[in-house]
Each structure stands twice: as structure tokens, then as C-alpha cells.
Amino acid sequence: MALRTAGSVLVVFLWSVAGVLGQNTVKSVCALKGSSVDMRCPVPSVTQVTEIVWYNTRLNDKPFDLRWDPKFDGRVDYRGTTEKDCILRITDLRQSDIATYHFRYKTNQYSGWKYSYGFTLSLTDLKVERIYDNTLTCSTTCTLTGNPTYIWYKNGQRLDESTSPQYKYSVSSNYDNSYSCAVKGHEDLHSPAVCVQGHNCWRVTYTKRRICVLKGSTVNISCSYTHPTSYIEQGSFWFTQKHPVDVRSYPEYTGRVEYNRNTENHHTMTITHLTEKDSAEYIFRLITTKEGRFSGLPGLMLTVTDILLEMDPTSVSEGERVTLRCRTQCTVGLNPTYIWYKNRQSLTNPVTSYNSLILDPVTSYNSLILDPVSSEDAGNYSCAVEGLERILSPEETLTVRCEYMEC
């Protein structure tokens, strides 16, 4: 098996002596939570592939294509550049992605499915552990695939990199310092910083490293922090990489940002009336006496997403089926309630008015299925999230054809 790391994507190749793996072959893949992984398997060079399916579950005893699985909405791509490629890319890896993935394909020579490869995917976070009195190691719960290069940080500042997960310098006397590690190509996925001695060192820990919210809503971004006891706190603020000054001084944030020091050593920034331009990496900075300044790098990634409506198909005959999907680019929150509109009027009871209403809270995915369609279903449809009804998705128009003419 040959392995390599390309940018921030782990690329995994499966090979065998014959060029194709057997149906029961299973390979282990270990990747970082939040990163991306490519799973690639070769097919014989003389084969012309006509259809490809990656799957990790079955529906009605048939392999269920990952591209249609709501849990992977917007995160799965078949990235082959030719008909002979069979590359599966999964982005923003999550705990729920842990599974065994199989690949099947059809060829122009045989109408049935051929071969089924297995990748058992495991995910891990990074953690700094002290294994000896003066030695640190960047540990994982599974062995990362691809011989990764480890990067060490002291007080948020990058030090050096090595193929060994152990930090090569002595740290026993640096009681004020904090240390963290990352894997090259995934520098935004730091381990939590740890103090070498006790709990009073330079350290910022974000409550979440990535947040995705809906445009027009409000978000709370928070962190906890520590500093050496010999330093006295004098102030703190949040900034972005584009503007390394207090965000409250940015004209575009005027009247929308509020700071709140909830408890000792805990800070929250609230941003209201979010726009897509607010998507950025937000970093907390602590200011103390003795010219002490510490920034919690890397920061927290905020994504502000719009709400979209997809309709398939947009023109049908009476008696056919239409699927409307209300979605966002990422998770809005736990169990969001969606509201459907037809001609700007709320569908007060879509569950009983229409055939089916499907909600997947993990991926902010909601489907309204009209089956069978009647002439009364024709019109302009949109959707919104409850509590943010003023922000409607763009409308989609459904045209319903009668037997001889447009209804």
C-alpha cells in the first residue's frame, strides 16, 4: 500500500499484486477529526468503468450511494478525473463518519457489480502528553495513516517539525510555557495547549474550534484562558487575521459586537445580525503587565451560511413525484424547525398536507416530498428556519402539466 499526504487531504491508495483487491479486503485508515480523506482504489487498466458507487450502508438490501446520504450532504465527492478513477473524498470528518466504506463499479464488459473494497475509517484528535519527566509526545488514539509530520508550538508560536511525535527539547524548567502540536497540512487542527507545570501558563482554549450558523442569527464565541501568576491581566479582545485589532473597532461590526467576561478566565464575544462577510477566523488576545501579550492561535473558524431550496424536478405531470430540499452549507443547530412557504404563504401543516416531511438535524437537511403531485401544487416555493422567518430561501417555481395543457 502506498500512502502520501497532499495538502490538507489524506490520500489513501489500495493496491495488490494483481492490481485489484478482493471483495473481502479491508484496510484501516486513521485521520484527524475535522480533516479530509481521499480513498482511492485502482481498477484494471483494460477496464472501461461505466458506473461507480461508494457506500457504507444498504437501503432495501441495495448499496446506498454516499452522495445521496443526508449525513454526508455537501461533504462527499467522487473526484475521479477519468472513467478509470474511483476516488472518494470526505471532508470535515466527524465522529459519525467512523465506518467501513466499500467501492463497487460496473464495466462495459459486464453489467453486474464487480469487486467491493473495504476501508475501515477511524478518527482521532491530537493530545499532548508528558511521558517522562521532561519529554512531551503528540499522541493519538489510532496510528495516523501516511507517516505524518508533527509540528510543535510553544505559547502559540511555531517551533519546529519532525516525523517523530515526540518533542525533542527538554521542557522541565519552562514552567510558564504551554505546548501544543499539530500535523503538517492540518495546522488548523491543533491539540489543546497544555501547561508543563501546574495550571498557570500562557494558554487559550476555545469552547469550539468551528462554528456554523445561519445568516441573520446571533452567535456566541467563547474561550477560557490562563496566564502565569506573575502577570496581571489588563485587558483582552478578539480579532481576525485580516484586521489584527479589536473587532469592535471595525466599521462593519459597529453596534453588533458585545464582550462578556462570564466568569474568571472565561470570555465570550457575541455577534448579532450575522452576514456571510462575518465568516472568518476569530482569535482571542490577552494583555497583561510586564508587556505580556498572548494570542490563542489558531483561532476559531466561523462560517455564516445562507438557506437554500432545491427542487427536483421543477416541471412535472400530474401524478408524478417532486422532492423539495431545504438545506444549508453546514449544521445550523440541534433539531432546527423548518417552515415551508408556497406563494409566500406558510404551509401550516406540511406533514398532513403533503406525502412526506423528512428532517435530518445532523446535517440541517429537510425534504418535502409531493407524491402524487396535483395541479393544486403548482406555485412558488421557499423555506426558512423557525425564529428567522424573515430570511427566506430563494424561491423555486413548480410547474404542473395537465393531460393536454399546462395546469
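Hi everyone, this short talk goes through the disulfides, one buried strand and one open sheet of a predicted model.

Some ground rules before we start. Residues are numbered from 1 along each chain as its sequence is written, and side-chain values use heavy atoms, with hydrogens and water left out. Since the model is predicted, local features need pLDDT of at least 70 and side-chain atom pairs count only at pLDDT 80 or more, while totals for chains, interfaces and linings use all residues.

Let's begin with the cysteines. How many disulfides does a search of the whole structure find? There are 4, where a disulfide is a pair of cysteine sulfur atoms within 2.5 Å. I'll show you three pairs, including Cys138 with Cys181.

In that pair, the sulfur atoms of Cys138 and Cys181 sit 2.0 Å apart. The torsion about their S-S bond is about 75°, so this disulfide is right-handed. The pair links distant parts of the chain, 43 residues apart: Cys138 lies in strand S13 (residues 135-139) and Cys181 in strand S16 (residues 178-183). A word on those labels: helices (H or I, at least four residues) and strands (E, at least two) are DSSP runs, numbered from the N terminus. Are these two cysteines buried or exposed? Cys138 has 3% relative accessibility and counts as buried, and Cys181 is buried at 0%. Here buried means under 20% relative accessible area, exposed means over 50%, and partly exposed is in between, with a 1.4 Å probe and protein chains only.

Next come Cys195 and Cys201, with sulfur atoms 1.9 Å apart. Which hand does this one have? The S-S torsion is about -75°, so the disulfide is left-handed. Cys195 is buried at 13% relative accessibility, and Cys201 is buried at 0%.

Then we have Cys326 and Cys383, whose sulfur atoms are 2.1 Å apart. With a torsion of about 85°, this disulfide is right-handed. Here too the pair links distant parts of the chain: Cys326 is in strand S29 (residues 322-327) and Cys383 is in strand S34 (residues 379-385), 57 residues apart. Both Cys326 and Cys383 are buried.

Keep S34 in mind, please, as we turn to S30. Why do we call strand S30 (residues 338-342) largely enclosed by the rest of the structure? Because 5 of its 5 residues are buried. Looking at its faces, Tyr338, Trp340 and Lys342 are buried on one side, and Ile339 and Tyr341 are buried on the other.

What does S30 pair with? Two strands pair if DSSP finds at least two bridges between them. S30 and S34 run antiparallel, joined by 5 bridges, and Tyr338 stands opposite Val385 of S34. S30 also pairs with strand S31 (residues 345-346), antiparallel over 2 bridges, with Tyr341 opposite Ser346. The hairpin of S30 and S31 has 2 residues between the strands, and Asn343 takes a positive phi near 55° there.

Last stop, an open sheet of 4 strands, antiparallel, in the order S18-S20-S23-S22. Strand S18 (203-206) and strand S22 (257-260) are at the edges with a single partner strand each, so one side of each has no neighbour in the sheet. Neighbouring strands here are turned by 20° against each other on average, direction ignored, using axes that are lines fitted to C-alpha atoms, for helices over the stretch in contact, and angles that run from 0 to 180 degrees between N-to-C directions. At the S22 edge, S22 pairs with strand S23 (residues 266-271) over 4 antiparallel bridges, and the bridge partner of Asn260 is Thr268 in S23.

Thanks for listening!
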